[in-house]
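Got the viewer open? Let's take a short walk through the model, one selection at a time.

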Amino acid sequence: MHLPLIRRGPLRRVSSWRRHRLAGVAVVLVALSAVGGAYAAFAPDTATADSSQSDLVQEGRKLFLVGCSSCHGLNGEGVLAGETNRNYGPSLVGAGAAAVDFQVGTGRMPMSQPGPQALQKKVTYTPEEIEALAAYVASLGPGPAIPPDEYTDISGISQEQLTEGGEFFRTNCTACHNSVGAGGALPSGRFAPTLHGVTPRHMYEAMLTGPQQMPIFSDAVITPEDKRSIIAYVKAVEAQPDHGGFALGGFGPVSEGVVVFLVGMAALVAATIWITAHGARVTDKTAKASTDSEADR
Amino acid sequence: MSDEDRPDELSRGGGELEPVGDPIPDPGLPEEFPRPTDVDPALERRAERQVAGAFGLATLLTLGFCVAYFAIPEDKTLFGFDASNFTLGMTLGGALLLIGAGAVQWARQLMHNEEIVEERHPIESPEEDREIALDMITVSAAESELGRRKLIRNSLLGSLAVLGLPAVILLRDLGPIPTEEELRRTVWAKGMRVVNDVAGTPIRASDLEIGQLVNAQPAVLVPTGNPEKDKAIGVLQGVELLDAKARAAVILVRMVPDEIHPPPGREDWGVNGILCYSKICTHVGCPISLWEHQTHKVLCPCHQSTFDLADGGKVTFGPAHRPLPQLQLGVDAEGYLIAMGDFVDQVGPSYPQMERD
């Protein structure tokens, strides 16, 4: 079957070349260049990825040494201080990229001063810098990663998921964050912040990492799909118009009572004064006389 | 005190006190001055126009209410409010306000406002009126023949008296008082799985991270959505479910094991630093899950009772005076968290009879 091809076709020439004395050398050269080419085709990709990842970690480390190490230690191991050796800045080993993205991305870190709670401020770092910091902290030890977009993109949520998200929210979140996510007070000057205006990714990261006093709600117990439903519910509540008039922050009887007492009572008092006040009177005797004369007429 | 009893100093030098008439004369009514609207016909007409304008505007607003009711769809918003509610409230509220304001302005500016004096009269009716009334009562009593027809009178009185019984009997609905045993028991039992509230999924010890909080329930209280599975678990239904849920809800928390200081005898009540406590405040029974994972404290939002979960649920602040009851945890053959029995301490709000023990 091969023979006709070799005799008449182009392979005939090949067949004759392979008995050339340099054939072995040529074959080895071709094989070597093929292997080398294949390696060159695949290997450099990983090589650049590795170097860019380690570049990111290096860049993150530089930023960390400047902005974070005074509290969290030169290697993110944390700093103990004071008589009771309490955490001055906690260890970040195992904190993970999600914690950095939340804390730095919402402006809570770096803290401007120690206090009961890290307050939300203007974000100090650019998104690229936050990514580098997150990469560095993630390299310190295994921790929660930044959630993939599929769980923080709440478009196309179904009514059923929204309802379920509401149930999860009322069971797990309202104790601290209020029934409409308006936030609330905690002991010793701390507070649970409002959830309005928080991006879905930061909400997810907060549930995952438990910033400050907030407990962790791990993916194993509150699944990523459940978290997505919860976020969608919070956003849906936030977007709802105030059907009953001014929501007054959604804090319930406290703010409503203050407004009723100050504004409502003031309005009632003003109306009472207006009703019972004597208007202007004409005391001028001549004017009175003129009325009398008019009445006579 | 008569004049004779008066000490000397008081009467000295003054001589006899002359009885005087009214020390302050009755000033009578102040002089009436006319209002500008009484004097100036232009002002009078203006006031009239104001009042009529208010009434007219109120009419327009009421008509606007009727139009808005049909014209504005439900899902529209206006200034961030629900457009329908906003417009209905503004039009009807405005109409009522304008009618009131118009009436007040009318009375203040235009109606006659001469002040008159109305003398007080004795409250008692004149003698003859009272006699007439008494006569009427006596005559009608005689005409009704109540005194003569004793059977009717007594049966009427009897039927009226018995009417009081239902009112008394209905009081039974306030009870029966639950027994100590009923109050002490919850649906928790040895081997019952602790499941995630809402989702109803069982929980493995490895699912919890340090600092995690889980709002949980006994497996028999969370329907899984699969009727056969529910039947196998024995999920309760309806009133029974709500009744049991009111006392069986729990929270799971995981702490660093070294930071937990269990009371004597409770050293093995947790699993890898996971502890389980009742979710019902021991003060007046609010559900509590405000857990601060760094201080290990759980706070009740109703009256700020604070319990230290690393210290056996001890009260550290607030009006509660019983520690938060703890549930002993274990792990079943499949690795899921289970209860090792019912609560030992009584779950739920405190009540007076409880103080005795």
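**First stop: a glycine in a loop**

Bear in mind that you are looking at a predicted model. Select A:Gly249 and show what surrounds it: leaving aside residues up to four places away in sequence, A:Gly249 touches A:Ala182 and A:Ser255. Now trace the backbone either way from the glycine. A:Gly249 sits in the loop of chain A that links α11 (224-239) to α12 (253-276).

Is A:Gly249 buried, exposed or partly exposed? It counts as partly exposed, because it has 15 C-beta neighbours inside 10 Å, while a buried residue needs 20 or more and an exposed one has 12 or fewer.

For a sense of distance, add A:Glu129 to the selection and draw a line between the two C-alpha atoms. A:Gly249 and A:Glu129 are 34 Å apart in space, with their positions 120 residues apart in sequence.

**Zoom out to chain A**

Colour chain A by secondary structure and you'll find 13 helices and four strands. Of its 297 residues, 28% are buried. Take the contacts in chain A with a separation of 6 or more: 62% of them are between residues 24 or more positions apart.

**Over to chain B**

Hide chain A and bring up chain B, which has ten helices and 13 strands. Turn it around and check its extent: the C-alpha atoms fill a box of roughly 100 × 75 × 65 Å along the principal axes. The radius of gyration of chain B is 39 Å, where a compact globule of 357 residues would come out near 21 Å.

Buried residues account for 27% of the 357 in chain B. As for contacts between residues at least 6 apart in sequence, 58% in chain B join residues at least 24 apart.

**Last stop: strand β5 of chain B**

Select residues 250-254 of chain B. This is strand β5, and it is mostly covered, with five of its five residues buried. Show the side chains: which residues point which way from β5(B)? B:Val250, B:Leu252 and B:Arg254 go one way, B:Ile251 and B:Val253 go the other, and all are buried.

Next, add the neighbouring strands. On β4 (residues 213-218) of chain B, four bridges connect to β5(B), and the two run antiparallel. Look for B:Ala216 here, which stands opposite B:Val250 in β5(B).

Then pick β6 (residues 274-278) of chain B, which is antiparallel to β5(B) and joined to it by five bridges. To finish, click on B:Arg254: its bridge partner in β6(B) is B:Ile274.

Terms used: Residues numbered from 1 in each chain as written. Chains lettered and ligands numbered in written order. Predicted model: local features only at pLDDT ≥ 70, side-chain atom pairs only at ≥ 80, totals over all residues. Contact = placed C-beta atoms within 7 Å. Rg over C-alpha atoms; globule rule 2.2 N^0.38 Å. Pairing = 2+ DSSP bridges.
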